[in-house]
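Colleague: I would like a close look at a single part of this model. Please take one strand and follow it outward into its surroundings.

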Amino acid sequence: MAKGFRGVGTRIGLVLLGMAAGMLATAPAGATIDPMHQFIVNGDFEQTTNGLGQLRRNTNVVGWTSQRDADHNYGYTYVLNSSTASSSGSPGESTLKLWGPGKGVNNGLSASPTGGNFIGADGAYHVGKLTQTITGLIVGQSYQLSFNYAGAQEYGYNGPSTDGWQFGFLGQDIDEQTAILNNVNHGFTGWQTQTFNFVATQASDTLYFLAMGTPAGQPPFSLLDSVSLTGPYVTAAPDVATWMTLVLGFGLIGSSLRRLGRRSQAMQFA
């Protein structure tokens, strides 16, 4: 009888060990590094909460926060679409339209390299930051930020202007700016590409963009699209729940074998 119980115990133990091995095989793989991870959410501004319009007033772009200006007013920042920017425009404090083909001006106003939606912000009126929180950076590693930008002018206003963007990371005190684009009356500067490389000094930070433009009163509009931030990222190791399941499984194996051992000994001396 004792040998029979020991045989049963061994078989059960093998079954439980097999179950544990299966758990290990299906558990998430160990942490690995994705060398070109994309950190930006909705960098092309296609996802909105309520279509086109003025940010914080009647719509928002998913993943981004539009901050108020220094006087706590809504930022004069809009999400526009390349197909309607100079025709129907975007609603908000006022319906914003840009000078372009839809207004009988052949100034070259065109879609950004990625098309669709883009951000337009007045660089001299109710200027507020556009921000996104970035997590998962590896301290000491290099990253590349890139984006497309341009300069335009609000329909109904006249005169040459300048346009550009200040950008950076609030936590690391990184403050950079694009080239200043000189825009003619009712003009469009064409899309430019900006890249910026930096080394992370902390694991999370806040990326920001702030429109710059002159002169006030002749709305200089800075346009933004195709925001990308790439670099190394550590994928998640097995989570706590997975490890707890594994530990519990091995604990049950040990407990079962101990009980079978005691029963086997009892039968020997019965």
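Colleague: The part I mean is strand β13, which covers residues 220–234. What is S228 in contact with, leaving aside its neighbours within four places in sequence, and which elements give two or more residues to the largest nonpolar core?

Modeller: A caution on the source comes before the details: this is a predicted model. The protein has 270 residues, of which 43% count as buried, and its secondary structure comes to two helices and 13 strands. Among contacts with a separation of 6 or more, 77% are between residues 24 or more positions apart.

S228 lies in β13. The residue counts as buried because its relative accessibility is 17%, and the cut-off for buried is under 20%. Its side chain makes a polar contact of 2.9 Å with the side chain of Q38. Once neighbours within four places in sequence are set aside, the contacts of S228 are Q38, I40, Q144, L145 and S146. Q38 belongs to the span of β1, residues 33–38, while Q144, L145 and S146 fall in the span of β7, residues 142–153.

L229 can be read in the same way. With neighbours within four places in sequence again left out, L229 is in contact with H37, Q38, F39, I40, I134, Y143, Q144, L145, F169 and F198. Q38, I40, Q144 and L145 are thus among the contacts of S228 and also among those of L229.

L229 leads on to the nonpolar core. In soluble globular proteins, nonpolar side chains tend to be buried together. Here the largest nonpolar core has 30 residues, and those with the most contacts inside it are W64, I119, L207, F209, L224, V227 and L229. The elements that each give two or more residues to this core are β5 (117–122), β6 (130–134), β7, β8 (161–169), β11 (192–199), β12 (205–214) and β13. The largest share, four residues, comes from β7. A second core of 14 residues is separate from this one, and L96, A150, A152 and L223 are included in it. By number, L223 falls within β13, as does L224, which is named in the largest core.

I119 and F209 also bring in the cavity. The structure holds one cavity of 30 Å³ or more, and about 40 Å³ of space lies in the largest cavity. Its lining is made up of S66, T77, I119, A121, G128, K129, L130, W165, F209 and A211. Six of these lining residues are nonpolar, three are polar and one is charged. β5 and β12 each supply at least two residues of the lining. I119 and F209 thus appear in the lining and also among the residues with the most contacts inside the largest core.

The far end of β13 is reached from a loop. G136, in the loop between β6 and β7, touches F39, Y143, A203, P232 and Y233, not counting residues up to four places away in sequence. P232 and Y233 are numbered within β13. G136 counts as partly exposed because its relative accessibility is 30%. The C-alpha atoms of G136 and Q202 are 9.2 Å apart, with their positions 66 residues apart along the chain.

The loop that precedes β13 has a backbone feature to check. P215 lies in the loop between β12 and β13, and the peptide bond from T214 to P215 is cis, with omega near -10 degrees. Most residues other than glycine have a negative phi, and most peptide bonds are trans. Two further residues deserve a look on the phi side. F45, in the loop between β1 and β2 (53–54), has a positive phi of about 65 degrees although it is not a glycine. F45 counts as buried because its relative accessibility is 0%. R56, in the loop between β2 and β3 (65–66), has a positive phi of about 75 degrees and is likewise not a glycine. R56 counts as partly exposed because its relative accessibility is 33%.

For contrast with the buried S228, N106 is found in the loop between β4 (77–81) and β5. N106 is exposed because its relative accessible area is 78%. The C-alpha atoms of N106 and H186 lie 9.4 Å apart in space, and the two residues are 80 residues apart in sequence.

Technical notes
Residues are numbered from 1 along each chain as its sequence is written. This is a predicted model: local features need pLDDT of at least 70, side-chain atom pairs count only at pLDDT 80 or more; totals for chains, interfaces and linings use all residues. Side-chain values use heavy atoms; hydrogens and water are left out. Buried means under 20% relative accessible area, exposed over 50%, partly exposed in between (1.4 Å probe, protein chains only). A polar contact is a pair of N or O atoms within 3.5 Å; within protein, one must be able to donate a hydrogen and the other to accept it, and residues adjacent in sequence count only if both atoms are side-chain atoms. Contact means heavy atoms within 4.5 Å. A nonpolar core is a set of buried Ala, Val, Leu, Ile, Met, Phe, Trp, Tyr and Cys residues joined through side-chain atoms within 4.5 Å. On a 1 Å grid over the protein atoms alone, a cavity is a set of points where a 1.4 Å probe fits but cannot get out, and a pocket is an open set with protein on both sides within 12 Å along at least five of seven lines; lining residues have an atom within 4 Å of a point. Grid points are joined across faces, edges and corners, and a volume is the space filled by probe spheres set on the points. Ala, Val, Leu, Ile, Met, Phe, Trp, Tyr, Cys and Pro count as nonpolar, Asp, Glu, Lys and Arg as charged, and the others, Gly among them, as polar.
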